[in-house]
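Got your viewer open and a sequence panel beside it? Let's take a walk through this one, a stop at a time.

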Amino acid sequence: MSSPLPELVIPFRGERYRDTARLGRLIAPPYDVIAANERARYAAEAHNIVHVMLPEAPSGGDRYAWAAAELARWRAEGVLARDARPSVYVVAQEFSLPSGERRTRRGFFGAVAAESYDTRRVRPHERTHAGPKADRLALLQATKTNLESIFLIAPDADGTLDAALAAATRAAPDATAELDGVRIALWVVSGNALSRIPIPQAPLYIADGHHRYETAATHAADGGDGRVLGLIVSARDPGLAVLPTHRVLLAPGRDVGKLTQEWRRWFDVEPAGTMGDRAARLAERGKDHTAFWLALSGGDELVLTLRRDASLDQVPELGRTPSVRSLDVSIAEALVIGPIVRAGSATVTLGYTPDAENAVERVRQRKATAAVLLNPTRVEQVIAVADAGDVMPPKSTYFIPKVPSGVVVRAEGAA
């Protein structure tokens, strides 16, 4: 008889920076979005989380062992202090969309069971790679601490979690900070007040942090405490935002404009006309169609709108399940980018950016052959793919803002 599964999400005794007045100088984005030339900016502060999250041993020795020793020193010196009672940590992030619209996303940090996906309690939507997992596992094994958080979405069908988090954020926060233009506020919820936060049950869906979740599950199987720090956000939160990840291609030897006839098999192809806000115009077209905006070397810009009579059953490259085959990003990869790749023998370099104007500018400056602009994947599509047990193409989602690292950390056994 199998053992019962542990509670999916529980409170924990978090560790936080004691110097809350300087919190904005001590936190950082997740490790995987910090470019090599940006790390120094955060590391200019002696106790910034980046020192132990992306460690660089001064003597060139074992950087993971150095991170563990540095973390122990911070604890001994009182830089980090552990809360006295198990808590959940409600966080609000106020940010701007590329359009300039301001939003606030609310969630809470809890200790999430780190286990095999086979239980179906936590569901992924993308594949992972061995390299990042090996790095994060070595750091976790050395520090025995979750230094940053994964990001999970709770379905919250009746909106109770969303309402409870909104209510919790009406009180004065316990700490505030600003990180790269995002305003952050934190509320520590413990004791009797915990009953006001409805802890979601399975399933939860990974929005960001697949590598970290799988690393924690591997560590759990090797003697770890079976928990990982997770920020849980309601699917009904009006601040939940996903940006598209536009494709930028450097495709030597291709005259992409000559592919128009091949694209007409699937799409209505028309000149983009007066520019305006490309992303806004594409979003308008995308309300009831699958559509893409193409910027081509030579200056032409086109709008491709999927024809209603297009028989996508003829395209196995779209994916295995209907949930993936219907995604804009799957259709773009198979029917727009695929023909560009096949149009020549030289290697194609594919880049990604959430910034539509940056993508087009790279083509204008002849640093790229073409840019393919997409509408964003919707949260309900992420959930549908995960429910189907399928995965999306690479770089299908870009959730903003990123979950800050260092607002709270979780040592093993601190639940």
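Where is Asp180 found? Select Asp180 and you land in the loop between strand E9 (175-179) and E10. Keep in mind as you look around that this is a predicted model. Asp180 has a positive phi of about 50 degrees, although it is not a glycine. Is Asp180 buried or exposed? Neither label quite fits: its relative accessibility is 47%, so Asp180 counts as partly exposed.

**Stop two: two cis peptide bonds**

Follow E10 (182-190) out into the loop that leads to strand E11 (204-208), and pick out Pro203 there. Show the backbone between Ala202 and Pro203: the peptide bond joining them is cis, with omega at about 0 degrees.

Now jump to Pro401, in the loop between strand E20 (398-400) and strand E21 (410-411). Here a cis peptide bond joins Ile400 and Pro401, and omega is about -10 degrees.

**Stop three: helices H4, H5 and H7**

Colour helix H4 (residues 63-77) and helix H5 (residues 130-143), then turn the model until you can see how they pack. Their axes are 8 Å apart and the angle is about 40 degrees. That angle makes H4 oblique to H5, and their crossing is right-handed.

Which residues make the contact? On the H4 side, show Arg63, Tyr64, Ala65, Ala67, Ala68 and Leu71; on the H5 side, show Asp135, Ala138, Leu139, Ala142 and Thr143. Colour this contact by residue type and you get eight nonpolar, one polar and two charged.

Stay with H5 and add helix H7 (residues 210-221). What is the angle between H5 and H7? These two pack at about 55 degrees, with their axes 9 Å apart. H5 is therefore oblique to H7, and this crossing is right-handed.

For the contact, select Pro132, Lys133, Arg136, Leu137, Leu140 and Gln141 in H5. They meet His211, Arg212, Glu214, Thr215, Ala216, Thr218 and His219 in H7. The mix in this contact of H5 with H7 is four nonpolar, five polar and four charged.

**Stop four: a six-stranded sheet**

Switch to cartoon view and find the open sheet of six strands. Reading across, the order is E15-E17-E16-E19-E14-E18, and the pairing is antiparallel. Which strands are at the edges? They are strand E15 (267-271) and strand E18 (349-353), each of which pairs on one side only. Look along the sheet to see the twist, which averages 20 degrees from one strand to the next.

Zoom in on E16 and strand E17 (residues 301-306), which pair in the antiparallel sense over five bridges. To see one residue facing another, select Trp293: Val303 in E17 stands opposite.

Next, bring up helix H12 (residues 356-364). H12 lies across strand E14 (246-250), E16, E17, E18 and strand E19 (370-373), and runs at about 160 degrees to E19.

**Stop five: Leu296**

Go back to strand E16 (residues 291-296) and select Leu296. Is Leu296 buried or exposed? With a relative accessibility of 7%, it counts as buried, because the cut-off is under 20%.

What is Leu296 in contact with, leaving aside its neighbours within four places in sequence? Show Val256, Gly257, Leu302, Val363, Thr369 and Ala370. Try the distance tool on Val256: its C-alpha atom and that of Leu296 are separated by 7.0 Å, although the two residues are 40 apart along the chain.

**Stop six: Arg366**

From H12, step along the loop that leads to E19 and select Arg366. Arg366 is not a glycine, yet it has a positive phi of about 60 degrees. Arg366 counts as exposed, since its relative accessibility is 66%.

**Last stop: helix H13**

Finish at helix H13 (residues 379-387). Which of its residues are buried? Select Val379, Gln381, Val382, Ile383, Val385 and Ala386. Now show what they pack against: strand E6 (122-123), strand E8 (150-154), E11, strand E13 (241-243), helix H10 (322-325) and E20. Before you close the viewer, click on Gly389, just after H13, where phi is positive at about 70 degrees.

Conventions. Residues are numbered from 1 along each chain as its sequence is written. This is a predicted model: local features need pLDDT of at least 70, side-chain atom pairs count only at pLDDT 80 or more; totals for chains, interfaces and linings use all residues. Side-chain values use heavy atoms; hydrogens and water are left out. Axes are lines fitted to C-alpha atoms, for helices over the stretch in contact, and angles run from 0 to 180 degrees between N-to-C directions. Helices (H or I, at least four residues) and strands (E, at least two) are DSSP runs, numbered from the N terminus. Angles under 35 degrees count as roughly parallel, over 145 as roughly antiparallel, 65 to 115 as roughly perpendicular and the rest as oblique. A crossing is left-handed if the near helix is turned anticlockwise from the far one by less than a right angle, and right-handed if clockwise. Contact means heavy atoms within 4.5 Å. Ala, Val, Leu, Ile, Met, Phe, Trp, Tyr, Cys and Pro count as nonpolar, Asp, Glu, Lys and Arg as charged, and the others, Gly among them, as polar. Buried means under 20% relative accessible area, exposed over 50%, partly exposed in between (1.4 Å probe, protein chains only). Two strands pair if DSSP finds at least two bridges between them.
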